[in-house]
Amino acid sequence: MTTIPSPSPSRPMALYRAAWRWHFYAGVFVTPFLLLLALTGLVMLFAPQLERVQYRDLLTVTPGQAALALDRQVGAVQQLYPAAEVTRVRPPAAPTQSTQVAVTTQGRDLTVYVDPYTAQVLGQVDQSSRLYAVAERVHGTLLLGDTGDRILELASGWALVLTATGLFLWWPRPVRGRRDWRASFIPQRAAGRAGWKNLHATLGFWVAGILVFFLITGMAWTGVWGEKVVQAWNTFPAQLWGAPTSTVPTAALNRDGEKVVPWTLEQTPLPTSGSAAGAPGVTGPVTLDAVNRYAAAQLPSYWIALPGGRDGVYTVSASTMSGDLTDARRDLTLHIDQYSGRELARVGWDDYSLGAKGMAAGIALHQGRHGPLNYALALLSCAVIAFLCVSGAVMWWLRRPAAARRLHAPPMPSPVLWKGGVAIMAALGVAFPLVGLSLVAVLLLDLLVLRRLPAVKAVLS
């Protein structure tokens, strides 16, 4: 008896299967991490409001006639914590706010809150226990340090693959010569897996651009593509300080859950005090209070980092990174000689490279700080991304045979299309090194290992 071969799928259908297969395998890897990023992103969006309630007694004070000198307020903290090192101070931006003093003692980073009118210490908060700091550590490193950072960078790169293939699958295809655009833009009611699929595809389309924005701006903080490629090429050149530089990067002024230094300056070495270079700056004795008066005349809200040692400088910083500003065009960082009071360096928006400007503006949007509409959109986007992760898993569950003991991946496309897909993925791998390395690893695993282990290959098929 002669078996009639089934007709091979048309090229459009084969291409669809290729995209579906890439989308599926990318989703298997990416979904847990993307869901975690979305949920921790929601926590970070709500954290400032929750902390304002949680630490209300520390953050707010009853206004008095006049605030005491900042040096006196810091002195009260030093009396209470004689062994601690005061690293920086955030003066109150409103009459009802307390002064925040960052100290390091016995390996712990603390924020000590002081009444600016009485110099009374109101209390302290361990930085590592703050809700925002915990969520940020999970969001950025999975609590695994550099290893977690690399895993999330890899997952973010593959999430771009997931997004691109998802958009291809979403594109309306003709049915009886017509394309149903309405069903592609507006969720339609349907039973079972069809309903989940329509909702997943439609919401995925609307959030795709925002997801790509989140991924790109988030990856700019990662350790390989971000630190070694993007940030390295957009770091402010230390030669422009016009003063001797130290070996300490400006990022050393940051701490757990609290980044105050603009992204473009993190890798730039700090200048050193003792130089006659620089424009006129603080007048009179160079005290913390004098530096504060100089900063207050130029900025509404800011941090002042104290000199670190005999060669250190005062650093005044206000940026979208720290949350003091929502408009990156007002970013400003000042370095002031601790002996002469001269302004050794001034870096603002006009001094940023094009990439640094994009990142500075993107930070406020990424964190939902650019006004109420941006905040609401960030909340909605995180919620929709979390739903896409869940709905993708539900669609797979509804599609797989109940008794199957395998992953039940979409069928393999034709070899030509598969090679074309690899070529596209290779191009993406060049742009994102960890994605490229992982692609090579997957191909080698398939060629050298899985083909020799049919049982394992059957489970993953």
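What follows is a chat between a trainee and a mentor about this predicted model.

Trainee: Before we zoom in, how many helices and strands are in the protein?
Mentor: The secondary structure comes to 14 helices and 10 strands. Keep in mind that this is a predicted model.

Trainee: And what share of the residues counts as buried?
Mentor: Of the 461 residues, 46% count as buried. The protein exposes about 23600 Å², and carbon and sulfur atoms supply 64% of that.

Trainee: What about contacts between residues at least 6 apart in sequence, how many join residues at least 24 apart?
Mentor: That comes to 65% of those contacts.

Trainee: OK, on to the sheet. What is the strand order?
Mentor: The order is E4-E3-E2-E1-E7-E8-E9-E10, an open sheet of eight strands with antiparallel pairing. At the edges sit strand E4 (121–126) and strand E10 (343–348), and each of them pairs on one side only. On average, neighbouring strands of this sheet are turned by 20° against each other, direction ignored.

Trainee: Which helix packs on the sheet and touches E4?
Mentor: That's helix H3, residues 70–80. Besides E4, H3 touches strand E1 (85–90), strand E2 (99–105), strand E3 (108–114) and strand E7 (303–305). The direction of H3 makes about 35° with that of E2.

Trainee: And which strands does helix H9 lie across?
Mentor: Helix H9, residues 288–296, lies across E1, E7, E8, E9 and E10. Its run is at about 35° to E8.

Trainee: Let's walk along the strands. How do E2 and E3 pair?
Mentor: They're antiparallel, over seven bridges. To find your place, look at Gln100, whose bridge partner in E3 is Tyr113. The hairpin of E2 and E3 has two residues between the strands, and Gln106 there takes a positive phi near 50°.

Trainee: Then how many bridges are there between E3 and E4?
Mentor: Five, again in the antiparallel sense. Val112 stands opposite Gln124 in E4. This hairpin has six residues between the strands, with Ala119 taking a positive phi near 65°.

Trainee: Is E3 mostly covered or mostly open?
Mentor: Mostly covered, with five of its seven residues buried.

Trainee: Can we pick one residue in E2? Where is Val101, and is it buried or exposed?
Mentor: Val101 is found in strand E2. Val101 counts as buried because its relative accessibility is 0%, and the cut-off for buried is under 20%.

Trainee: What is in contact with Val101, leaving aside its neighbours within four places in sequence?
Mentor: The partners are Val74, Val77, Val86, Arg88, Val89, Leu110, Thr111, Val112 and Val114. Val74 and Val77 fall within H3, residues 70–80. As for Gln73, 28 residues away along the chain, its C-alpha atom is separated from that of Val101 by 8.9 Å.

Trainee: Now the other end of the sheet. How many bridges do E8 and E9 share?
Mentor: Strand E8 (residues 313–318) and strand E9 (residues 332–337) pair over six bridges, antiparallel. One pair to look for is Val313 with its partner Asp337 in E9.

Trainee: And what joins E9 to E10?
Mentor: Five bridges, with the strands running antiparallel. Thr333 stands opposite Val347 in E10. E9 and E10 form a hairpin with five residues between them, and Gly341 in the turn has a positive phi of about 80°. E10 is mostly covered too, with five of its six residues buried.

Trainee: Switching to helices: at what angle do H4 and H5 cross?
Mentor: Helix H4 (residues 131–141) and helix H5 (residues 146–170) cross at roughly 60°, and their axes come within 7 Å.

Trainee: Which residues meet there?
Mentor: From H4 you get Val138, His139, Gly140 and Thr141, which meet Gly148, Asp149 and Leu152 in H5. By class, that contact has two nonpolar, four polar and one charged residues.

Trainee: Last one, cysteines. How many disulfides does the structure hold?
Mentor: Zero.

Trainee: And are Cys382 and Cys389 buried or exposed?
Mentor: Cys382 is buried, with a relative accessible area of 9%. Cys389 also counts as buried, at 5% relative accessibility.

Methods. Residues numbered from 1 in each chain as written. Predicted model: local features only at pLDDT ≥ 70, side-chain atom pairs only at ≥ 80, totals over all residues. Heavy atoms only, no water. Pairing = 2+ DSSP bridges. Helix = DSSP H or I, 4+ residues; strand = E, 2+ residues; numbered from the N terminus. Axes fitted to C-alpha atoms, helices over the stretch in contact; angles between N-to-C directions. Contact = heavy atoms within 4.5 Å. Buried < 20%, exposed > 50% of the residue type's maximum accessible area, 1.4 Å probe, protein only. Areas by Shrake-Rupley, 256 points an atom, 1.4 Å probe, with all protein chains shown as cover. Nonpolar A, V, L, I, M, F, W, Y, C, P; charged D, E, K, R; others polar. Disulfide = S-S within 2.5 Å.
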